[in-house]
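Student: I am new to this structure. Can we go through it step by step?

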Amino acid sequence: MAHVRIEGGELIVEIEGLNKVWALKSRITVPLSNVRGATVDPGIVREPKGLRSPGTHMPGVIVAGTFHSDGERIFWDVRDAGKAIVIQLDDEEYARLVLEVDDPHAAVDLIERAL
Amino acid sequence: MAYGGDMGRPRGFDEDEAVRAAVTLFGRQSFAGTSVDDLVSHLGVHRGSLYKTFGSKRGLYLAALRQHVDRDVTAAAEVFAAATDVDEAVRRITDAGPDLGLLLLALVERAPVDPEVAAETTRALARLRDARGELDRALGLLLRTRATGSAPEFVGE
């Protein structure tokens, strides 16, 4: 589970709970100018995720950590596919973040309105 | 076919064609009713390319709406200007296109909550109004036509 908020022109993502251990990262901060957009996307969990390093992937249970796919680095922290959102970034360590959030529509609206 | 590294790597799909397919899909299913799964399967675009190119579903929606206004609404405005009256214009549009589904849905679904969508729908309505007055009557006829599937035969007027 992740919490997203916007503060001082930055998008701040905090990883909560046990996933913090598996994802090996508890906080990601991105300037809003490097955020391209956010989307509610429960279907993304069924797609191939690429190669994992480091983190964990127990199919059907939890996806957390850094994955490499088509030359891109993607950060995953999803347990409940129904609550997955995708945040697309530019010029950042990660090409995109795939996160589980409490209220996907509210999180996506928050980010899209800030851009 | 091998493309070297990241440099000048082609997107691997026709962006204009993909946006055109998105116009049809959003115009049929609305923004909320169209999932990224729907877009990936109808546009022939990988999820990663979709996000890399448009940033988000909303980014693609805005691109689709802009193309819709520039292409379909402009074409509809020409029909409006050429027809003898609004009823005839709506009948011609219903029979032969262009499909204005995305504009009609955007007006009720997204324009009230998304200022960038509202700017595009305002641009679209101005274009239709410039072609011919009686815009409200035209919109009413278009909506009723969408509801019933055929141009209303002067019902109740």
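Student: How many residues does each chain bring to the contact?

Tutor: This is a predicted model. Two residues touch when their C-beta atoms lie within 7 Å. On that basis, the contact takes 16 residues from chain A and 12 residues from chain B.

Student: Which element gives the largest share of the side of chain A that touches chain B?

Tutor: Two strands of chain A, β4 (35-40) and β8 (84-89), each supply at least two residues of that side. The largest share is four residues, and the strand that provides them is β4(A).

Student: How do the residues on that side of chain A divide by type?

Tutor: Asp, Glu, Lys and Arg count as charged here. Sorted this way, the side of chain A that touches chain B has three nonpolar residues, six polar and seven charged.

Student: How many helices and strands does chain B have?

Tutor: Read chain B from the N terminus, and its elements run α-α-α-α-α-α-α-α. The count is eight helices and zero strands.

Student: What percentage of chain B is buried?

Tutor: A residue is buried if 20 or more other C-beta atoms lie within 10 Å of its own. Chain B has 157 residues, and the buried part is 36%.

Student: Where in chain B is the pLDDT below 50?

Tutor: The mean pLDDT of chain B is 88. Among its elements, helix α8 (residues 135-148) has the lowest mean, 89. Where pLDDT is low, the predicted coordinates should not be read in detail. In chain B, the stretch below 50 is residues 1-9.

Conventions:
Residues numbered from 1 in each chain as written. Chains lettered and ligands numbered in written order. Predicted model: local features only at pLDDT ≥ 70, side-chain atom pairs only at ≥ 80, totals over all residues. Buried ≥ 20, exposed ≤ 12 C-beta atoms within 10 Å, placed from the backbone. pLDDT = per-residue confidence, 0-100.
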